[in-house]
Each structure stands twice: as C-alpha cells, then as structure tokens.
Amino acid sequence: MAKVLIGCETSGIVRDAFLARGHDAWSCDLLPADRQSNRHIQGDIREVMKADWDLMAVMHPPCTRLCNSGVRWLSRPPAGRSHTDMWTELEEGAALFSDVWNVAHIPCIAVENPVMHRHAKERILNYQAPAQTVQPWQFGTDPEGPDNERKRTCFWLRDLPPLIPTGTLNGETARDSVHKASPGANRWKLRSKFFPGLAAAMARQWGDYASHQYAARAA
C-alpha cells in the first residue's frame, strides 16, 4: 500500500478514507486535528513533505486570495484591511501552492483549489490548467447525505488519473449550503469542509494507482 500525506487537513476525512483502504496515511496542518488522532502531524506541510511519500494530496491550501470569487478584495479590501494585506496574502498563498505543486521527489501529487483568478496564476511556478473539475454530488448516492452539495472543485494532478464519478445523483437536488455559510469566525472551516463520497473515491482510485506505481518502481 502507499504512504500518503494529506496536506492542509484538520478534519481527517480524506486521511481516514485512505486509512480505510489500508494505506499508511497521515494528515498535516498548522492547526491541531479536529478530533484527536495519532495520525495527524501539526506542522508546516512544506517541512513534512520532505520525507518519503508515494502520494501527497493537498486538499485545502489557504485559497482565500487565490480564488476567483474573492478577486474583488484585491482592489476593494474589506473593512479593516488594506491593499497591502490583500496582496501580501495573495503572494503567500501563491508561494504555498507553488511549493506543494512543484515538489520533485513525491511521484503522485494532487492539489485541490477553487477556480483561480489571473493574478494567482501569474504567481504560481509552472502553473497549468487544472486536470479536472468535479462537484461533490457526483460522488453521492443519498439526496439527504453530505455529498449532495454544489461546490466546484478543481484538481491539479501529477502522475494521477482524473477521478471517475462514483455517485448516482444528477445534481438537480444538490444544496448550495457551502457557499451560503453564515459570516463568522468559523466560515472558512465550513467552506473548506470535505465530502466523504469524494474522499472515498480519491482513496480508492488515487490510492490504488499510487500503490501500483510504487510496486512498479520497487520491482
């Protein structure tokens, strides 16, 4: 099985999906895990990724200043913030994305982010268009379940295949609760939550692919 690092995750949803498939999976974030776990590393992903990993999936990198939906704040900062604040955060977000996207020694890489604006793209080293865009409802089977949501999610992939949808929903009843989350201190956490059906598909498809690639390299 593959040794898997799930970067920028505190919920453990993606990590646990890989663990359920038998992979040696770990999550990492600057913040502690939402639920106590000996499989969570509290630290900078850029340091943790220096170890030997077969697959690194960076699921929720700070994207507030990179995503297209927030580009307006670069010209009209919110109350209490300055133009310098906004552009500094943009530079920091683009630098983090560049670092995890361009790490050389990990064979299989996936980075998740919303649609980016042009200022972000210009600042990312070796930027390329995302390999695919998915919706959580494409991986759900229960209209009342947590996956039946609209949240356009882009994946940048290196040596990984695009995900194949595994759900039975058609999107007609998908909720929009992620985008309608109430303002507040925890809004970022609600908006960055992940989805179990999508996580399970990643663990099965990408985890198995990385395991096969590892076996081929070891042969």
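These legends accompany close-up views of a predicted model, covering charged pairs and one helix packing.

**Figure 1. Arg39 and Asp24 join in a salt bridge.** Here the closest N and O atoms are 2.5 Å apart. Asp24 belongs to strand E2 (24-29), while Arg39 sits in the loop between that strand and strand E3 (40-42), so the pair ties together parts that are 15 residues apart in sequence. How accessible are the two partners, Arg39 and Asp24? Arg39 has a relative accessible area of 24% and is partly exposed. Asp24 is partly exposed too, with a relative accessible area of 30%.

**Figure 2. Asp44 and Arg46 meet through their side chains.** This view shows a salt bridge with an N to O distance of 3.3 Å. For Asp44 the relative accessible area is 28%, which makes this residue partly exposed. For Arg46 the value is 29%, and this residue is likewise partly exposed.

**Figure 3. Lys50 pairs with Glu47.** The two side chains form a salt bridge, 3.2 Å from N to O. Is Lys50 buried or exposed? Lys50 has a relative accessibility of 57% and counts as exposed, because the cut-off for that class is over 50%.

**Figure 4. Four charged residues share a network of salt bridges.** Glu91, Arg118, Glu122 and Arg123 are the residues linked here. As general background, side chains of opposite charge can pair when their charged atoms come close. To put these close-ups in context, a search of the whole structure finds 13 salt bridges.

**Figure 5. Helix H1 packs against helix H6.** H1 covers residues 13-20 and H6 covers residues 196-218. A packed pair of helices is described by the angle between the axes and the distance between them. For H1 and H6, the angle is about 45 degrees and the axes lie 8 Å apart. The two helices are therefore oblique to each other, since 45 degrees is neither under 35 degrees, nor over 145, nor in the range of 65 to 115. The crossing of H1 and H6 is right-handed.

**Figure 6. The residues that make the contact between H1 and H6.** Which residues does each helix bring? From H1 come Ile13, Val14, Ala17 and Phe18. From H6 come Pro196, Ala199, Ala200, Met202, Ala203 and Gly207. By class, the contact of H1 with H6 holds nine nonpolar residues, one polar residue and no charged ones. The polar one is Gly207, because Gly is counted among the polar residues.

Terms used:
Residues are numbered from 1 along each chain as its sequence is written. This is a predicted model: local features need pLDDT of at least 70, side-chain atom pairs count only at pLDDT 80 or more; totals for chains, interfaces and linings use all residues. Side-chain values use heavy atoms; hydrogens and water are left out. Helices (H or I, at least four residues) and strands (E, at least two) are DSSP runs, numbered from the N terminus. Buried means under 20% relative accessible area, exposed over 50%, partly exposed in between (1.4 Å probe, protein chains only). Axes are lines fitted to C-alpha atoms, for helices over the stretch in contact, and angles run from 0 to 180 degrees between N-to-C directions. A crossing is left-handed if the near helix is turned anticlockwise from the far one by less than a right angle, and right-handed if clockwise. Contact means heavy atoms within 4.5 Å.
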